Amino acid sequence: MKKGNAIANSWNSPTNFDMNNNSVFDKIEAWLSGELPEAEARTFEAEMAADTAFAAEVERHRRGREALDRLAEQALQTDMARWRTSLDELPEPPTDVLPTKGTNWLRWILGGLLGFLLVGAAYWFWPSEKAQSDNTPVQEIVPPQTKSHTPIADTPPNEPVNENKDPKEKEENNSPRLIAMAETNLSDLQGAILQQYGQTMGDDDEENPFFTTGLKAFKGTDLKTAKRDLLQVTKTDPFFPSAQEILAYIYFREKNYPKAVQCYESFASQSADPAADWRLLQFYLMDYQHRKADFSKKLGEISDPEKQHRYQKEAVKLKRELGKIGIK
Amino acid sequence: MANVTPSGWTDELLIREIRAGGRQRNTAWEYIYKAWRGYYLSPVLRAGGIPEQVDEVLGGVIVDVEKQVLKEDFELREASLRTYFTEAIVRAWARAREIAQRRQTAELDPQTYPTGQGGNVEEDFIRQEQIERLDVLLARLGEKCRKVLMRFARGYSMREIAEELGFQNEQSAKNEKGKCHRKLLELTDEF
């Protein structure tokens with residue numbers, strides 16, 4: 001039998017394995033993919049067994065497959081590099097399994113209701129805040145900064161708040177004295193973290209593995225490893241706020257104050273503990289240069305006698321101490 | 001298999017999307033890459049590895065897992081897809097580490113290599129060298145063909161390739177793919 005006749009005929013190919021013939025080319029690819037129907041596959045295999053040239057051509061395609069696999073890997077490397085820059089943004093599942101339109105309407109209604117309540121609350125509380133400001137002249141009325149919940153990993157430090165500062169105040173903004181004051185008030189932070197997360201927490205495989213290894217490293221004072229692992233805890237993870245709290249301490253120890261503040265702010269936004277409020281104030285203080293407005297607002301809130309904050313006395317004392325060094 | 005995630009993805013859904021190929025497949029892998037990162041990196045970190053080493057082997061693992069998933073008789077039995085995937089990564093990372101260590105040893109003292117006891121590691125060592133040679137050949141494909149074939153290799157349909165790379169229609173994309181595929185075969189003839 002002339003080489004390739006059988007298969008060529010079965011595919012109506014005019015030539016013997018003309019590899020420029022798309023049909024033959026596609027058939028080989030289909031066979032390699034296991035996509036040929038059973039009967040065609042048997043014919044194909046019989047021809048391959050009978051014709052060494054054809055078998056060699058199939059082998060050539062098989063090697064081509066390996067090259068395609070390598071290209072697929074390279075494509076994935078490119079994709080993964082992109083995915084790494086947005087680890088917190090999980091893709092949605094396909095629309096055919098997403099909630100129905102009716103549910104979306106419900107979401108819209110609930111969202112609208114929530115928005116309405118927020119607007120109402122803002123309207124209700126606005127006059128009292130203004131009155132508080134009148135009673136406490138040290139305070140400046142400033143719009144609160146938007147709290148960021150983005151992962152801290154590689155975000156640049158906050159840009160300085162655009163404020164009109166007199167030269168004297170600028171000097172004080174960078175004073176190591178403020179950092180020292182914050183450090184003193186945060187001296188219990190490491191102990192508090194260890195106590196909060198317990199002696200056994202971090203040994204349990206059911207937790208987020210990164211949080212587990214990060215916390216273990218933190219307990220072992222291996223702050224470098226702790227930081228590396230805790231930075232991998234994504235925003236969608238329930239352990240994210242806890243990871244941010246520990247990261248805040250690590251950045252604080254590294255004297256990276258802007259990042260320390262960002263992390264602690266992220267943690268404190270999820271905490272109802274008054275101690276978190278007080279500590280957030282200290283973090284603002286250590287980065288006073290950038291967070292003056294946040295510091296003033298938080299100090300006003302905590303020191304307000306009407307709010308009966310657990311740390312009200314400490315806040316008043318802090319305000320007094322700052323007054324002595326000319327910080328208003 | 002009923003491993004429902006808070007975001008609505010399930011193992012069944014991920015497998016379905018991986019099998020669909022193209023953009024659907026990529027979205028499924030993006031989810032896996034991001035949402036399970038803590039789980040698949042953890043055993044490697046505990047064994048002294050670093051995330052970058054995992055990322056290096058991950059492309060190959062995904063391609064291999066995909067091949068398994070595409071088989072009609074693929075089933076997870078009792079393991080979840082996450083466990084299956086994580087185990088594949090740990091194996092790949094351990095192999096890569098062993099190869100690297102053996103290479104280092106061989107460089108320091110060529111007499112110590114090969115020992116003949118490497119088993120699969122031996123094959124992997126050779127494969128690693130082949131990959132390096134292959135990369136050199138693939139670099140000669142040209143940018144346009146690389147883009148077309150990368151998508152084809154990821155299971156993109158001709159319509160998707162046409163849309164992403166700006167071909168007039170599916171047929172144009174198919175013609176270009178055929179041309180590039182032949183070029184690829186010619187290059188691999190040199191391999």
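Reader: What does pLDDT do over residues 1-15 of chain A, and how many contacts beyond four places in sequence does the model have there?

Author: Over residues 1-15 of chain A, pLDDT (the predictor's confidence in each residue, from 0 to 100) stays under 50. The model still has 28 contacts beyond four places in sequence for that stretch, a contact being two residues whose C-beta atoms, placed from the backbone, lie within 7 Å. Residues 127-172 of chain A also stay under 50, and they come with 45 such contacts. This is a predicted model, in which local features need pLDDT of at least 70, side-chain atom pairs count only at pLDDT 80 or more, and totals for chains, interfaces and linings use all residues. As for labels, residues are numbered from 1 along each chain as its sequence is written, while chains are lettered from A and ligands numbered from 1 in the order in which they are written.

Reader: How do the chains score on average, and where in chain A is confidence lowest and highest?

Author: Chain A has a mean pLDDT of 74, with 67% of its residues at 70 or more. Chain B averages 85, and 87% of its residues score at least 70. Within chain A, the lowest mean is 45, in helix α1 (residues 5-10), and the highest is 92, in helix α4 (residues 52-84). For the complex, the predictor gives an ipTM of 0.87 and a pTM of 0.55.

Reader: What makes up the fold of chain B?

Author: Nine helices and zero strands. Those are DSSP runs numbered from the N terminus: H or I of at least four residues for helices, E of at least two for strands. Of the 191 residues in chain B, 29% are buried. Among the contacts in chain B with a separation of 6 or more, 59% join residues 24 or more positions apart.

Reader: Why is B:F152 called buried or exposed?

Author: Count the other C-beta atoms, placed from the backbone, within 10 Å: 20 or more is buried, 12 or fewer is exposed, and in between is partly exposed. B:F152 has 26, so it is buried. This residue is found in helix α7 of chain B and, leaving aside neighbours within four places in sequence, it is in contact with B:I161 and B:K177. B:K174 is 22 residues away in sequence, and its C-alpha is 9.9 Å from that of B:F152.

Reader: And what does the count make of B:Y84?

Author: B:Y84 has 17 C-beta neighbours inside 10 Å, so it counts as partly exposed. It belongs to helix α5 (residues 81-108) of chain B. Not counting residues up to four places away, B:Y84 touches B:L76 and B:A79. Its C-alpha is 10.0 Å from that of B:Y40, 44 residues apart along the chain.

Reader: How do you know how α9(A) runs relative to α10(A)?

Author: Two packed helices are described by the angle between their axes and the distance between the axes. The axes are lines fitted to C-alpha atoms, for helices over the stretch in contact, with angles from 0 to 180 degrees between N-to-C directions. For helix α9 (residues 209-219) and helix α10 (residues 223-230) of chain A, the axes come within 7 Å and cross at roughly 165°. That makes α9(A) roughly antiparallel to α10(A), on a scale where under 35 degrees is roughly parallel, over 145 roughly antiparallel, 65 to 115 roughly perpendicular, and the rest oblique. By class, this contact has seven nonpolar, three polar and one charged residues. Ala, Val, Leu, Ile, Met, Phe, Trp, Tyr, Cys and Pro count as nonpolar, Asp, Glu, Lys and Arg as charged, and the others, Gly among them, as polar.

Reader: What makes α4(A) and α2(B) parallel, antiparallel, perpendicular or oblique?

Author: Their axes come within 10 Å and cross at roughly 50°. That makes α4(A) oblique to α2(B). In this contact A:D79, A:M80 and A:W83 of α4(A) meet B:N26, B:E30, B:Y33 and B:K34 of α2(B). Those residues divide into three nonpolar, one polar and three charged.

Reader: How many residues does each chain put into the contact between chains A and B, and which helix of chain B gives the most?

Author: Chain B puts in 40 residues and chain A 34. On the chain B side, α2(B) gives the most, with eight residues. By class, that side has 20 nonpolar, 11 polar and nine charged residues.
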